[in-house]
Amino acid sequence: MTRIDRPVRPRRIRFGLRSSRTVALASALVIALASCGADGGHPDKPHPKPTPVWHTDPHSIAALGDSITVGFDACTLLSDCPRVSWATGTDPKVDSLARRLVDRPATHSWNFARTGALMSDLPGQMSDAVARKPELVTVLIGANDACRREVGAMTPKAAFRADFARSMKRLRRALPHTQVYVAAVPDLLRLWSEGRKNPLGKQVWKLGICGSMLRDPDDLTKAAQDRRATVREQVMAYNSALAEVCGKDPLCRFDKSVFDYRFTGRQLSTWDWFHPGARGQKELAALAFRTISRAGS
């Protein structure tokens, strides 16, 4: 008999449990890869660091700076008086930052400021502060960099800025979470204009206090006025450098109000009519507290 070939039927593909799982896994993988590309969450891409938070209640303070922060001429002539320091003083009439902020100021606040200190001395003071591991560092320095015997001897802005930046780097390497309050250099021209009203103060100025600004206080010639204006411009340049460096650190606050504050004879030392007296120290403490206790970044 002649063989009759049967038509070949196409093979039927069966989709069982195993095939369904394979499809589901493949689909999940595609979705995951798509999502990864959509939100930029590549495993090798670093996540942004959280913004540091400013705390308004530090538990320890280290104060750095010059004669202002050690209360020079605030109690007796040509002497330091740290008990009335705006930063770490113990006198209740001043109500220093340490008294306002620190539970145990006697053991948790330190004053490393020195009369006559320049910005070039700040890195050394910062090293002393780092050893105490404070939660807040206060800085008020720069008046002596402008208060030289002659205008030409004032610290150049570039050197001033470099020493401040070096001090901040020294702090950050050791204490990345410590907060920093930086007060502006006071307006020396304002202090001259107020202090010159007192005859006794002008006699003390002859001892050599801030010659670039206070020399010949009653000389109102154009040359003298230009000299004082040059000193003021240098102070403003210093404050610009402080603000610039501080502004790059999220845990640093610069306080320009110290320069803007209109000190009167009531806040000046009754010994030299130039440095802050106890009332002036109280005003500085209030200005600093306002900036430090402000909520937000």
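Me: Before I look at any surface figure, what does accessible area mean here?

Reply: Accessible areas come from the Shrake-Rupley method with a 1.4 Å probe. In this predicted model, the protein exposes about 16800 Å², and carbon and sulfur atoms supply 56% of that.

Me: And how much of the protein is buried?

Reply: Buried means under 20% relative accessible area. Of the 297 residues in the protein, 45% are buried.

Me: What about the fold? How many helices and strands should I look for?

Reply: You'll find 12 helices and 5 strands. To see how the chain comes together, take the contacts between residues at least 6 apart in sequence: 72% of them join residues at least 24 apart.

Me: Back on the surface, which residues make the nonpolar patch?

Reply: Look for Leu-77, Leu-78, Leu-207 and Trp-271, which make a nonpolar surface patch of about 380 Å². Trp-271 sits in the loop between helix 11 (257-260) and helix 12 (278-292).

Me: Is Trp-271 buried, partly exposed or exposed?

Reply: Trp-271 has a relative accessible area of 35%, so it counts as partly exposed.

Me: Now pockets. How do I read one, and what lines the largest pocket?

Reply: Rolling a probe the size of a water molecule over the atoms shows where empty space is left. Here the largest pocket has a volume of about 550 Å³. Its lining has 31 residues, and Cys-147, Gly-208, Ile-209, Cys-210 and Gly-211 lie nearest its centre. The elements giving two or more residues to that lining are helix 5 (143-146), helix 7 (188-195), helix 8 (199-205) and helix 9 (211-214).

Note on methods:
Residues numbered from 1 in each chain as written. Predicted model: local features only at pLDDT ≥ 70, side-chain atom pairs only at ≥ 80, totals over all residues. Heavy atoms only, no water. Patch = residues over 30% accessible without salt bridge, like charges linked within 9 Å, V, L, I, M, F, W, Y side chains within 5 Å. Salt bridge = Lys/Arg side-chain N within 4 Å of Asp/Glu carboxyl O. Helix = DSSP H or I, 4+ residues; strand = E, 2+ residues; numbered from the N terminus. Buried < 20%, exposed > 50% of the residue type's maximum accessible area, 1.4 Å probe, protein only. Contact = heavy atoms within 4.5 Å. 1 Å grid on protein atoms, 1.4 Å probe; cavity = no way out; pocket = protein on both sides within 12 Å on 5 of 7 lines; lining within 4 Å. Points joined across faces, edges and corners; volume = space filled by probe spheres on them.
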